[in-house]
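This report addresses three topics in turn: a polar residue and its surroundings, the cysteines, and the enclosed space within the protein.

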Amino acid sequence: MKTEFRNRVFLPIVLPIAVLLAMVLFIGAVAAILLWTTHEVALAVATVAAAGILLTASLAASQDRLDGGRKAVVAFAAIVPFALGGAYAAGLIGNIADEDRNINVQPLLVVPDDAPVIAAENSVEFCLPTDGGCEPVELWEVTPSQEAETITFVFDNLESGVAHNVVITELEGDVENPAPVGEQFLSSELITGPDSSAHVDESLTWEDLPEQWYFFCAIHPNMNGVGTLAGAED
């Protein structure tokens with residue numbers, strides 16, 4: 001009966017499920033350790049664990065059967081990095097500020113297909129990309145994205161070796177004599193061309209922008225203009 005149970009139930013069903021559950025738990029534990037610690041510690045744990053795996057594979061390949069000393073080395077190499085990493089992540093040793101944990105790393109950036117685009121091809125004025133090049137612009141009419149409520153726009157720096165960005169603030173004056181004033185709504189990172197980057201502000205929606213605003217480059221303030229929300233009510 002025991003042999004029949006072993007051959008018909010334990011080996012083909014129970015054992016594979018147990019191995020699968022053990023793998024899931026192990027991978028989940030490793031993921032939790034790496035997410036709840038710092039980038040530097042996660043890198044150290046992964047490096048030491050990889051070295052331990054290589055050591056284990058090397059010992060296993062060179063010996064038909066491991067003696068007690070080698071078994072201890074294998075266990076030490078496999079367990080200690082994750083034990084120390086887990087203790088550090090759990091706060092049992094050391095002290096990690098919550099904002100430094102990998103769990104707070106920003107997710108992969110998803111840029112909506114209809115995100116507004118603005119570009120720079122010189123240090124004089126911004127431009128809007130067209131099929132035939134880039135058209136100079138001082139009045140940037142933006143159609144809010146239908147794919148995302150929060151503000152996302154793409155800045156394409158076409159000027160090689162020169163850094164630019166886009167800063168958006170409240171507007172004083174009018175289209176003919178614009179000037180920045182008061183609140184700064186958002187500022188993209190500086191990028192050196194030729195390069196393109198997307199700016200996402202998860203705290204601002206398109207409804208947070210007024211009908212008109214002022215935009216400029218922080219390094220070349222002469223590059224400026226007035227932005228207008230398409231379809232905004234007067």
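Asn157 is buried in this predicted model, because its relative accessible area is 0% and the term applies to values under 20%. The residue belongs to strand β5. Its side chain makes polar contacts with backbone atoms: one reaches the backbone nitrogen of Glu159 at 3.1 Å, and another reaches the backbone oxygen of Val162 at 2.8 Å. The Asn157 side chain therefore has a backbone nitrogen and a backbone oxygen within the 3.5 Å limit for such contacts.

Residues up to four places away in sequence being left aside, Asn157 touches Ala120, Val162, Ala163, His164, Ile191, Thr192, Gly193, Pro194 and Asp195. Val162 thus appears both in this list and as the residue whose backbone oxygen is reached by the Asn157 side chain.

**Cysteines**

How many disulfides does the structure hold? The count is one, and the link joins Cys127 to Cys134 with an S to S distance of 1.9 Å. This pair qualifies as a disulfide because its sulfur atoms lie within 2.5 Å. The link of Cys127 and Cys134 is right-handed, with 90 degrees about the S-S bond.

The burial of these two cysteines, and of Cys217, is set out below.

| Residue | Relative accessible area | Class |
|---|---|---|
| Cys127 | 1% | buried |
| Cys134 | 12% | buried |
| Cys217 | 0% | buried |

Each value in the table falls under the 20% cut-off, which is why Cys127, Cys134 and Cys217 are classed as buried.

**Enclosed space**

Rolling a probe the size of a water molecule over the atoms reveals where empty space remains. In this model, the count of cavities of 30 Å³ or more comes to one. The largest cavity has a volume of about 30 Å³.

Which residues line the largest cavity? The lining consists of Pro116, Trp140, Val142, Ile151, Phe153, Ile168, Trp206 and Trp213. Two elements give two or more residues to this lining, namely β4 (139–142) and β5 (150–157). Strand β5 is also the element in which Asn157 lies.

By class, the lining of the largest cavity holds eight nonpolar residues, with no polar and no charged residues. Tryptophans are among the lining residues, including Trp140, Trp206 and Trp213. Other members of the lining are Val142, Ile151 and Ile168, together with Pro116 and Phe153.

Note on methods: Residues numbered from 1 in each chain as written. Predicted model: local features only at pLDDT ≥ 70, side-chain atom pairs only at ≥ 80, totals over all residues. Heavy atoms only, no water. Buried < 20%, exposed > 50% of the residue type's maximum accessible area, 1.4 Å probe, protein only. 1 Å grid on protein atoms, 1.4 Å probe; cavity = no way out; pocket = protein on both sides within 12 Å on 5 of 7 lines; lining within 4 Å. Points joined across faces, edges and corners; volume = space filled by probe spheres on them. Helix = DSSP H or I, 4+ residues; strand = E, 2+ residues; numbered from the N terminus. Nonpolar A, V, L, I, M, F, W, Y, C, P; charged D, E, K, R; others polar. Polar contact = N/O pair within 3.5 Å; in protein donor to acceptor, adjacent residues only side chain to side chain. Contact = heavy atoms within 4.5 Å.
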